[in-house]
Amino acid sequence: MTTPLISALREQVLDAAAQGRALRPHGSGSKDFLGLHLAGSPLDMRGAQGVIAYEPSELYLTAHAGTRLADIEALLACNGQMLAFEPPHFGAHATLGGALASGLSGPRRIASGSLRDFVLGVTVMDGQGRVLRFGGQVMKNVAGFDVSRLIAGSFGTLCLILDVTLKVLPRPLAQQTHVLALDETAALQRMREWGAQPLPVSATCWHDGLLSVRLSGARPALEAAARLIGGEVLGDAAADAFWQDVREHRHAFFAGAAPLWRIALPPLAPHLPLDGDRLIEWNGMQRWLRSDADADALRHVVSAMGGHSTLFRGGRPFDRELDVFEPLAPEVMAVHRRLKLAFDPSGVFSPGRLYADL
Amino acid sequence: MQDVCRYDRGPIRLPYEPVHAVSAPDTPTLIAALSRVLPADCLITDSGLLRAYECDGLMLIREQPLAVALPTTEQQVIEVLRTCHALGVPVVPRGAGTGLSGGATPHRQGVVLSTARLNRIVSVDRLAQQAVVQPGVRNLAVSEAAAPHGLYYAPDPSSQIACSIGGNVAENSGGVHCLKYGLTVHNVLRVRMVSMTGEVMEIGSAAPDSPGYDLLAVTVGSEGLLGVVTEVTVKLVPRPRVARCVLAAFGDVRSAGQAVADIIAAGIIPAGLEMMDQGATVAVEDFVHAGYPLDAAAILLCEADGTEEEVQDEIARMRALLDAAGATEVRVSNDEAERLRFWAGRKAAFPAAGRMSPDYYCMDGTIPRRKLADMLEAMNAMSVKYGLRCLNVFHAGDGNLHPLILFDSNDPDSLHRAEAFGVEILELSIALGGTITGEHGVGLEKIDQMCMQFAADELDLFHRVKAAFDPAGLLNPGKAVPTLHRCAEMGRMHVHHGQLPHPDLPRF
């Protein structure tokens, strides 16, 4: 990021801090729907775009926060690489900074890990206008607290994200998607059995009686696994479109009108005793539910199973006044408040986006 | 590993001062208070017995604590912390004591809280691919407990026979397989942690993520500065059906370094990718007879794992790349015995160094892979400059260096040269765009180099993060993050954006 740009950002941050105003850093706005409140003057972080460093043989890429995710993924594809956590874009102009701030991961998360697993370093500006650099471009780095990963999923409430370094991985040599007709309970059972074996399963999705399973790896490994998995093999183009639709919430399931809940559950959680259409990913650990169920009742069911729920899209206005994200235990919330103050002592950044008093 | 601390060669103290200077507590009051919350056999106060705890794996720094607490329950951990908090006494958490950076070096006015007796494996679940363990469980014991289910715990630091999961969480430990399978931070799903004030926090969960900030990310690798972990949920992964290792010899280190880059650039993520220089291969060959080619300037060990089909395919591709990079010899393990023999030499590097020299100093910088050959050549020059031998073993796949500097601590000049040699390696690691520690942690050992790697504002933020978890600053004070005052006094300069203060000076 250029010095004038940094100075301009610093000036805005310090002015806001001095005047007790809030700022809301944003990229393309593709994930504005997610979160509790959108408070503060918008601060466009797309002033700096572009890749700063990319070394395919070093498996990392550094880019300005305003860089389009689509541009990054296109560059990686030219070199046979990818963002292995398959971040959902939710818009053609989604940015790298927005991906880090929202911390979301896509279908390959069960095989490769989540966005935070791939964060190697960040440059940020804190609430005192200080430019701070954490982590770096190497895979192993334990000097100081792992602040880079703490920023993942913080929804702009801690600092401005200036640039991000991510680990990148080679694209699989081959992929193949199988579709099996199974009811929900049988599908959950099947996914778990596969997961406990050394099989190259890179994504799973169940909806409306059909379980789709993507295999990724060397061709001989896929052939061996295909015999065990069975089902119908989907054509390559149809398979790519299917997983892209699941990742971007363009799948027909996501078109409904009822509130969309994201529910994260431990691996062996059974069928959710809640009304509503559902789509299951990540071997049963990520479930999407379209439901008008009472928010408190839903949260109660999910937390009793050891999971947590997010009101991802929609919801009645009075539900929105409830927490969008699962409420935290008091002692954990206390640490959150002190961390927020550590980064942002004047409360400038995105107040109320995660929790009302954060 | 505790017995190594008893090896009597006289205490050597590097100059350091506890930063949070505390007024000397009234020791009898402290011991009386701890006796009220701990059974007699869980509290050590006898000076002779305390000696077993005066250092961790960094034996150059020794301190005697006022007492060692060995709680057997979480409730005792809570009570010990509350007691010390009320009295303003620093607490140093300790796992198995195998850490190499002095993270568990006692505070002379504090209490060591050992998690060694919290050593129960709570559960191992095959279908969930998770295990719940207490922090004192040894790393290898987790994999052994998971083995009947065809699963294992992936991070495998070289001390895995002795080191404990609690210590692994504190240090974010790696191992030879972390290029493919990740570090501790990628394999720990949840911790239960007690704060200095005795509050219990659940951080992370058995679900794939948790609401709020990713506190688990800052907890892993926090070197005992944020809380004391009492339970850990780890991810287990299916044991690969087959593993095979390729041993490649090179006539010069540059070709070996290039081969590493070529393998990664070809889209292969090996299960292990290690490099040893000639000094290291000769040293271990003498010791374990691994059959290494002794005339090679460097050897690479490349491991493929997965299904039989995957492994065959990957070995063939790696072999072609190694040949093309100029390998003078390439051997593929034919059976498990041969694979283990290939690895035996690599795993014997530390003991081999111990046989060759009264002392050795293991460094832990990480650099971009493409700089490996530059770094090796620079270290060879430093070896001449300081008049000390250096054996080089690298986790080449992720650029993590473990040079072993051989010295004799009975000779003060030799010790001084070893430290200066180490500092120069760390400074060059930063200048090459890397870091001072890849997996061993900062502890006390590298605290001054933190002043070089980070600017004052960044260190200030680390202190703020620490204070968010431990406002009183009583947990493991003086470790991991230097005070700005210390950095100023040391006259150390932050190397910004990989630029040395005097870039024109030759450093190779």
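Me: What makes residues of chain A and chain B count as being in contact, and how many does the contact take from each chain?
Reply: In this predicted model, a pair counts if the C-beta atoms, placed from the backbone, lie within 7 Å. By that test, the contact takes 67 residues from chain A and 76 residues from chain B.

Me: Which element of chain A gives the most to the side that touches chain B?
Reply: That is helix 12 of chain A, with seven residues. Helix 12 spans 330–343, and other elements giving two or more residues include helix 7 (184–195), helix 8 (219–229) and strand 7 (131–135) of chain A.

Me: How do you know which classes of residue make up the side of chain A that touches chain B?
Reply: Residues such as Leu and Phe count as nonpolar, while Asp and Lys are among those that count as charged. Sorted this way, that side of chain A has 35 nonpolar, 18 polar and 14 charged residues.

Me: Now to chain B. Why are 242–279 and 292–350 listed together?
Reply: Domain bounds come from an automatic or database domain assignment, and domain 3 of chain B is given there as 242–279 + 292–350, so both stretches belong to domain 3.

Me: How many residues of domain 3 of chain B are in contact with domain 4 of chain B?
Reply: With the 7 Å cut-off, 18 residues of domain 3 are in contact with 19 residues of domain 4 in chain B. On the domain 3 side, helix 10 of chain B has the largest share, six residues. By class, this side has 12 nonpolar, two polar and four charged residues.

Methods. Residues numbered from 1 in each chain as written. Chains lettered and ligands numbered in written order. Predicted model: local features only at pLDDT ≥ 70, side-chain atom pairs only at ≥ 80, totals over all residues. Contact = placed C-beta atoms within 7 Å. Helix = DSSP H or I, 4+ residues; strand = E, 2+ residues; numbered from the N terminus.
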